[in-house]
Every structure is written in structure tokens, then in C-alpha cells.
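Open the model in your viewer and keep the selection panel at hand. This tour goes stop by stop.

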Amino acid sequence: MNQNLTLSYELHEGVATITLRRPEQLNAMNSAMRQEIVAAFKRFDADQDAHVAILTGEGRAFCAGADLKEMAGTSFGAPPPDSIPHLGRSFHVSKITIAQVNGIAYAGGFLLAQMCDLCTASETAAFGLTEVRWGRGAPWATPLIWMLPQRIMMELLVTGEPMPARRAYELGFVNRIAPPERLAQETLKLARTIVANAPLGVQAGRKLTYLATEMGRSAAMPVGDDCFEKAYHSEDALEGPRAFREKRAPKWQGR
């Protein structure tokens, strides 16, 4: 495990776990943490042995958002896009990411949960766009319109009131929900399910999902063909049927 000032990175059996470690501040993001989050995800993307990343927080919070005490001492106006760790905008990865929301995910913490490909949550967790309470904004919340109903998104943005994890699960924002003591186990189970699958197929499925949100049905159909073409022509496409015939686990090569 590589211990940093504000987070840790640990790799085990293809799963990288990135843990925010400012528990006394409810894992609020200061400038150091913002930089280290980006560095950790870039490390994950470059690591050939890492196939899925789990982002979580130490203690009773996932992330309470930006460190407002640090912000109050600066002339921090409208933040440029690259000043916030926003996966898919200010930096990119090509592999699956899971937000394991163990507690409150407010403001920038909501962003961290939103930006990951999948999300698991503790039954005691809560999600909130609290910026409106403090005179700040959440322009990064735009993709929520593809993740939540319009009126739910509107309510979150204009009230600043938190949404319980159970409600987020019912609305489809959360993939798995579990008691606090079982959350890590359930998240790891989800991650290992993905790791066990053909890597090119997983990569294509991730790519297709995001591309399909940006175009209409007819335009998206040929895009699906393009996304999976590499997988169809790979060695793994032959290995899968062979493994099935021979009643054994596939040995994926990722090529």
C-alpha cells in the first residue's frame, strides 16, 4: 500500500482501492487531496494489473465536498474545470470505477460518486448538492439528467437537501445498497465479478454506455458495432467458447 498525505492506494487481485483519508474533516477535499485523487486514478489507469478501481472514504463520511475553511481563505471564484477532480472531464481513465459511498457524499463528494461508472452505498449514506446553501455552484451536475429524473435533479440542485441512499438506490443512481458492515464486501463482490469477465468486452461495454447517452437510438446502433469489433476479433473471443466447451474458467489475455 502506498500511503499519501490525504489518501491511500492499495491493489489486490486486480482491484485497486483508493481511500480518502481526512476522517476528522469528513474527507473534505483540500488542494492536496484534489491533486492526489487525480494522481491515484492516473496510476490505476496505467497499472496493467489493475482492472477495477474502488473509491471510498475512511471513517463515517465518504466526502463532505470541498474544504470550505481552506476555500474561505482564498479568492476562489468560479473554478476552472481542471481545478476539480472530475473523471471524464478534467482527467480520464479507460477502466471501470466504483464509488463505495460509506457515508455522506455532499457537494464535491456527490461529484466523486457521480463521476464513477458504478456506485454502491451504505444504508446510512446520503447524497446532497449542498452548494446552494453556501453560495457556490455545481455545474458538474449536468450529467445527472441522464442518471436521475428531471424533477429529482431539480430538487437536489435548488433545495440543497440530502437524499437518503435508499431513495438513490430506488431511482437507479446507486447499483448496490448494503448495511454499513457489509458494504465493502458487497462492493468487492461487484468488482470481482467485473474482473472475472473478458477485459475487452468490459472496456467496450463501458465505452458504449457513455456514447449511447450522447446520441439518438439510430445513430447509436452502428456505434455499438464499432465498440465491440476489437473484442470480436480478439484471442479472448476464441478463448471464451473453448473454456465453456472444456468446462473451465477462461484465461483472458486482453487481446
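What follows is a walk through strands, cores and helices in a predicted model.

**Stop 1: strand β8**

Select residues 118–122, which form strand β8. Is this strand enclosed or open to the outside? Four of its five residues are buried, so β8 is largely enclosed by the rest of the structure.

Add strand β6, residues 96–101. β6 runs parallel to β8, and four bridges join the two. For one rung, pick Val-101: its bridge partner in β8 is Ala-121.

Now bring in strand β11, residues 176–178. β11 is also parallel to β8, through three bridges. Thr-120 has Arg-176 as its bridge partner in β11.

**Stop 2: two residues linked to Thr-120**

Select Thr-187 in helix α6, residues 183–195. Its relative accessible area is 0%, so Thr-187 is buried. Beyond residues up to four places away in sequence, Thr-187 touches Ile-54, Ile-98, Gln-100 and Thr-120.

Next, go to Tyr-169, in helix α5 (residues 165–170). Measure from its C-alpha to that of Thr-120: the two residues are 8.7 Å apart in space, but 49 residues apart in sequence. Tyr-169 has a relative accessible area of 35%, so the residue counts as partly exposed; the buried class ends at 20%. Setting aside residues up to four places away, its contacts are Val-174, Asn-175, Arg-176 and Ile-177. Arg-176 is the bridge partner of Thr-120 seen at the previous stop.

**Stop 3: the open sheet**

Display β5, β7, β9 and β10. These four strands form an open sheet in the order β5-β7-β9-β10, and the pairing is mixed. Which strands sit at the edges? They are β5 (61–63) and β10 (163–164), each pairing on one side only.

Zoom in on β7 (residues 104–106) and β9 (residues 126–128), which pair in the parallel sense over three bridges. Ile-104 is bridged to Ala-126 in β9.

**Stop 4: the nonpolar cores**

Nonpolar side chains tend to be buried together in soluble globular proteins. Here the largest nonpolar core has 49 residues. Show Phe-41, Leu-55, Phe-62, Val-101, Leu-112, Met-115 and Phe-127 as sticks; these touch the most other members. Helix α1, residues 31–46, gives the largest share of this core, with six residues. Another core lies apart from it, made of eight residues, among them Ile-54, Ile-96, Leu-190 and Ile-194.

Centre on Leu-112. Not counting residues up to four places away, Leu-112 touches Leu-20, Met-29, Ile-37, Leu-55, Phe-62, Cys-63, Pro-85 and Ala-99.

**Stop 5: helices α7 and α8**

Select α7, residues 199–212, and α8, residues 217–232. Their axes come within 8 Å and cross at roughly 160°. That angle makes α7 roughly antiparallel to α8, since the cut-off for this is over 145 degrees. The crossing is right-handed.

Colour the meeting faces. On the α7 side the residues include Leu-200, Gly-201, Ala-204 and Leu-208. On the α8 side they include Ala-220, Val-223, Cys-227 and Ala-231.

**Stop 6: Ala-237**

End on helix α9, residues 235–245, where Ala-237 lies. Is Ala-237 buried, partly exposed or exposed? With 30% relative accessibility, Ala-237 counts as partly exposed. Leaving aside neighbours within four places in sequence, Ala-237 is in contact with Ala-231 and Tyr-232. Ala-231 is one of the α8 residues that meet α7. Leu-200, on the α7 side, is 9.3 Å from Ala-237, C-alpha to C-alpha, and 37 residues apart in sequence.

Methods
Residues numbered from 1 in each chain as written. Predicted model: local features only at pLDDT ≥ 70, side-chain atom pairs only at ≥ 80, totals over all residues. Heavy atoms only, no water. Buried < 20%, exposed > 50% of the residue type's maximum accessible area, 1.4 Å probe, protein only. Contact = heavy atoms within 4.5 Å. Pairing = 2+ DSSP bridges. Core = buried A, V, L, I, M, F, W, Y, C linked by side-chain atoms within 4.5 Å. Axes fitted to C-alpha atoms, helices over the stretch in contact; angles between N-to-C directions. Parallel < 35°, antiparallel > 145°, perpendicular 65-115°, else oblique. Left-handed = near helix turned anticlockwise from the far one by under 90°.
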